[in-house]
Amino acid sequence: MKAKTALLITAATVMLAGAAQAQTTEWQPPRAGDWIVTGRITTVAPTTEDAILTSAGAATGLKVDVSDDLMPTLGFTYFFTDHIAVEAILGTTKHEIRAQGGATDVAVHETWVLPPVVTVQYRPLTEGNFSPYVGAGVNAMLFYSGEDKNGFNVDLDNGIGWALQAGADVGLHGPWSLNFDVKKVWFNTDANINAGALKSSVDLDPWVVSVGIGRKF
């Protein structure tokens, strides 16, 4: 997903949230001690185009391409104060890794990823049924159940990255709300191919874009 697309989604989120604001007054923004549990549909869209090199660091003319994936996720948000909350999201995605360049376009690996993200949020509004937020935090990338393709052997390093977040909860009725959420994650992994004969330092840096329904407790 390109940055412009993500920005357009963010703009649409704000417009939809503003339009929904006038539709109900029954929902109240969460307060200190409240929880929101949110079920979402989430797109994880890596932005990598990193070069594949030989073991000596020479260019091969190939680059890494990592597919997007759509998945259900759960978000758990706890409010320490009326304005400060912490959120953890849980989900897993499956991605195909390809080597591309010139006339070459070949799948080399397919892997599942567990990418939990924890952010601290700031929520400026405590009145009305529109609760926007911004956040920052950390993420982990844990690769598992990998399957090599077309005679290649690929090893990916797990690790920790950083995340920024923007979104909004829009009151629907009672404890229920509509949630829009966009995260930008920065994460790098070292990929070793065929026991190090080829290698790449891969900046996955995915956009994580979600829409869902939340319930306040």
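Strand E11 (residues 159-173) supplies the largest share of a nonpolar patch, with three residues. The model described here is predicted. The patch lies on the surface and is formed by Val118, Val138, Ile160, Trp162, Leu164 and Trp186. Together these residues have about 620 Å² of accessible area. One of them, Ile160, is placed in strand E11. Ile160 has a relative accessible area of 63%. The cut-off for an exposed residue is over 50%, so Ile160 counts as exposed. In general, side chains in a regular strand alternate between the two faces of the sheet.

A contrasting environment is found at Lys183. This residue lies in strand E12 (residues 176-186). Its relative accessibility is 1%. Buried means under 20%, and Lys183 is therefore classed as buried. The side chain of Lys183 makes a polar contact with the side chain of Asp181, at 2.6 Å. Residues beyond four places away in sequence also touch Lys183. Among them are the charged residues Arg40 and Glu87. Gln165 is another neighbour of Lys183. Contacts to Lys183 also come from Ile89, Val117, Leu164, Pro206, Trp207 and Val208. Leu164 thus appears twice: it belongs to the nonpolar patch, and it touches Lys183.

Strand E6 (residues 93-101) pairs with two other strands. Strand E3 (residues 59-66) runs antiparallel to E6, and four bridges join the two. Within this pairing, Lys63 stands opposite Gln100 in E6. Strand E7 (residues 104-114) also runs antiparallel to E6, here with nine bridges. Gln100 stands opposite Asp105 in E7. Gln100 therefore has an opposite residue in each pairing, Lys63 in one and Asp105 in the other. E6 and E7 form a hairpin with two residues between the strands. In this hairpin, Gly102 takes a positive phi near 60°.

Glu49 occupies the loop between strand E1 (35-45) and strand E2 (51-54). Its relative accessibility is 48%. Exposed requires over 50% and buried under 20%, so Glu49 counts as partly exposed. Glu49 and Val66 are 17 residues apart along the chain. Their C-alpha atoms are separated by 8.4 Å.

Terms used:
Residues are numbered from 1 along each chain as its sequence is written. This is a predicted model: local features need pLDDT of at least 70, side-chain atom pairs count only at pLDDT 80 or more; totals for chains, interfaces and linings use all residues. Side-chain values use heavy atoms; hydrogens and water are left out. Buried means under 20% relative accessible area, exposed over 50%, partly exposed in between (1.4 Å probe, protein chains only). Two strands pair if DSSP finds at least two bridges between them. Patches are made of residues with over 30% relative accessible area and no salt bridge: like charges are joined within 9 Å, nonpolar side chains (Val, Leu, Ile, Met, Phe, Trp, Tyr) within 5 Å. Accessible areas come from the Shrake-Rupley method with a 1.4 Å probe; for residues, only the protein chains shown count as cover. A salt bridge is a side-chain nitrogen of Lys or Arg within 4 Å of a carboxyl oxygen of Asp or Glu. A polar contact is a pair of N or O atoms within 3.5 Å; within protein, one must be able to donate a hydrogen and the other to accept it, and residues adjacent in sequence count only if both atoms are side-chain atoms. Contact means heavy atoms within 4.5 Å.
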